[in-house]
Number of protein chains: 2
Amino acid sequence: MPDTAQPLPRRRLPLSRERVLGCAVDLADESGIAALTIRSLAQSMGTKPMSLYYYVANKDEILDGIVDMVFSEIELPSPAGDWREEMYRRAHGVRSALKRHPWAVGLLESRSSPGEANLRHHEATLGTLRAAGFSVQMTAHAYALLDSYIYGFALQEAALPFDGRDTASEITAPIVERFSTGQYPHMMEIATEHVLKPGYDFGDEFDFGLNLVLDGLSRSMR
Amino acid sequence: MPDTAQPLPRRRLPLSRERVLGCAVDLADESGIAALTIRSLAQSMGTKPMSLYYYVANKDEILDGIVDMVFSEIELPSPAGDWREEMYRRAHGVRSALKRHPWAVGLLESRSSPGEANLRHHEATLGTLRAAGFSVQMTAHAYALLDSYIYGFALQEAALPFDGRDTASEITAPIVERFSTGQYPHMMEIATEHVLKPGYDFGDEFDFGLNLVLDGLSRSMR
DNA sequence: ATCGCTTTTCGTACGCTGTACTAAAAGAGA
DNA sequence: TCTCTTTTAGTACAGCGTACGAAAAGCGAT
């Protein structure tokens with residue numbers, strides 16, 4: 001063993017702001033946002049901590065940057081298409097992006113200044129609503145409503161102890177046991193008669209609310 | 001000046017888990033969640049850092065604890081009342097609690113195991129919906145929808161750079177200037193024709209979405 | 001090649017964090 | 001006053017973000 005093993009990188013690509021942010025996203029995905037430290041990020045890129053500071057001013061800029069990278073993954077809605085369909089697709093786009101990167105939801109609260117991709121996303125969404133004939137005020141209402149629902153759903157999804165598709169029952173069983181005192185009969189009921197049924201996926205709840213919201217919006221336009 | 005000034009406490013009340021969590025909430029409210037450190041918390045209570053560990057196992061337990069304290073401030077809905085009114089009041093109760101303690105929203109994503117107050121709140125809400133005649137499945141739908149909307153709204157509210165009532169224009173003016181390139185015409189439109197109008201308060205948007213959601217739910221019950 | 005200048009990388013060090021371990025102090029009952 | 005339990009602290013350590021300055025690498029002109 002003549003050499004200590006290089007951490008990951010094949011041949012040490014040249015650094016760049018984009019590569020730093022990209023690796024930061026990967027690291028956060030793999031190990032959680034808490035494990036994303038300047039030191040761990042540098043190591044995953046085969047560099048030293050202080051080298052990163054040539055491309056980013058500080059860690060906050062990294063956090064702002066990776067949130068914006070998540071937004072950049074989302075396909076923009078088109079003002080040319082049917083607004084309802086576009087809003088449906090956008091909602092699913094945002095949700096799936098936030099599901100791929102669950103740490104992003106928690107970051108939204110603390111990051112105040114939006115990045116370019118975020119702004120583009122906002123702009124395209126507002127444009128689609130306005131093009132559909134919503135008034136300025138109604139567009140503001142609709143936008144606040146849709147984003148609240150999407151972000152809130154993603155927030156709940158991120159807080160779930162289990163990971164969607166694979167057995168909710170395995171994880172929730174011990175939690176449910178905590179309810180067996182009878183203190184929480186309705187939670188028990190929901191758990192046993194709904195959540196613990198085979199094939200249950202919390203993500204499936206998304207469409208119910210989304211359609212209800214879109215129905216309401218189309219009604220309030222007419 | 002014979003004595004160094006005691007930080008805050010009038011006469012150093014006896015410590016207790018409740019007092020630790022209460023002071024933690026106060027400190028987070030005043031200085032932000034980032035400023036809530038074991039050391040700063042101990043100092044604000046007139047104690048030394050390690051003394052706190054007699055009442056809490058670690059900092060995570062403090063974070064879990066203060067989230068649950070926020071829930072404990074929220075009045076529970078009653079299964080005896082009109083479900084729509086109860087859900088309306090609950091929604092506003094949750095939102096105002098999360099507005100008083102904006103840091104709580106960001107914490108929700110990372111804390112997985114809910115506390116007692118949280119569970120009681122869930123239970124009462126589910127009970128109210130079931131009592132109103134919603135099926136088990138419909139109750140799950142309604143609950144996911146309502147909570148998503150409420151949490152998402154609170155999340156957006158917490159991320160706002162300005163603080164509700166007082167002038168949105170002062171803060172947003174420089175941001176709007178960033179749009180004056182014409183890249184974001186619809187955001188400009190919303191800003192100038194809606195957000196920057198005197199008396200605008202993002203919080204007022206809450207009722208629009210909430211009523212739309214409640215309308216949709218009552219429709220889907222019938 | 002060699003110089004000089006810009007761009008990029010990194011070593012060291014500082015103050016902050018959570019907390020493990022241990023000891024001291026305070027309180028309570030005999 | 002002695003003893004035992006409960007409560008409070010001191011010290012120390014590893015890990016964090018990052019300020020500062022030096023080293024290295026790249027590169028056009030001589």
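Around DNA strand D lie 15 residues, and A:T37, A:I38, A:N58, A:K59 and B:Y54 come nearest. This is a predicted model. Helix α2 of chain A, residues 38-44, gives the most to the surface near strand D, with 3 residues. By class, that surface holds 7 nonpolar, 5 polar and 3 charged residues.

DNA strand C also has 15 residues around it. Here A:M50, A:Y54, B:T37, B:N58 and B:K59 come nearest. Helix α2 of chain B, residues 38-44, supplies the largest share of the surface near strand C, 3 residues. The surface near strand C divides into 7 nonpolar, 5 polar and 3 charged residues.

The table sets out the class make-up of the two DNA surfaces and of two protein contacts.

| Surface or contact | Nonpolar | Polar | Charged |
|---|---|---|---|
| Near DNA strand D | 7 residues | 5 residues | 3 residues |
| Near DNA strand C | 7 residues | 5 residues | 3 residues |
| Side of chain B that touches chain A | 22 residues | 16 residues | 8 residues |
| Contact of α6(A) with α9(B) | 3 residues | 3 residues | 2 residues |

A record bears on chain A as well. UniProt, in an unreviewed entry, places the feature "DNA-binding region" at residues 37-56 of chain A. Over residues 37-56, chain A is 35% helix and 0% strand. The end C-alpha atoms of this stretch are 13 Å apart.

Next, the protein interface. In chain B, 46 residues are in contact with 46 residues of chain A. Five elements of chain B each give two or more residues to the side that touches chain A: α5 (103-110), α6 (116-131), α7 (136-159), α9 (185-195) and α10 (205-221). Of these, α7(B) gives the most, with 18 residues. The side of chain B that touches chain A has 22 nonpolar, 16 polar and 8 charged residues.

One helix pair spans the two chains. Helix α6 of chain A, residues 116-131, packs with α9(B) at an angle of about 75°. Their axes are 8 Å apart. The helices α6(A) and α9(B) are therefore roughly perpendicular to each other. From α6(A), the contact uses A:H122, A:E123, A:L126, A:G127 and A:R130. From α9(B), it uses B:H186, B:M187 and B:I190. The residues of this contact divide into 3 nonpolar, 3 polar and 2 charged.

Note on methods:
Residues are numbered from 1 along each chain as its sequence is written. Chains are lettered from A and ligands numbered from 1 in the order in which they are written. This is a predicted model: local features need pLDDT of at least 70, side-chain atom pairs count only at pLDDT 80 or more; totals for chains, interfaces and linings use all residues. A residue is near a molecule or strand if its C-beta atom, placed from the backbone, lies within 6 Å of it. Helices (H or I, at least four residues) and strands (E, at least two) are DSSP runs, numbered from the N terminus. Ala, Val, Leu, Ile, Met, Phe, Trp, Tyr, Cys and Pro count as nonpolar, Asp, Glu, Lys and Arg as charged, and the others, Gly among them, as polar. Two residues are in contact if their C-beta atoms, placed from the backbone, lie within 7 Å. UniProt positions are given in the numbering used here, feature names are shortened, and annotations may be inferred rather than shown by experiment. Axes are lines fitted to C-alpha atoms, for helices over the stretch in contact, and angles run from 0 to 180 degrees between N-to-C directions. Angles under 35 degrees count as roughly parallel, over 145 as roughly antiparallel, 65 to 115 as roughly perpendicular and the rest as oblique.
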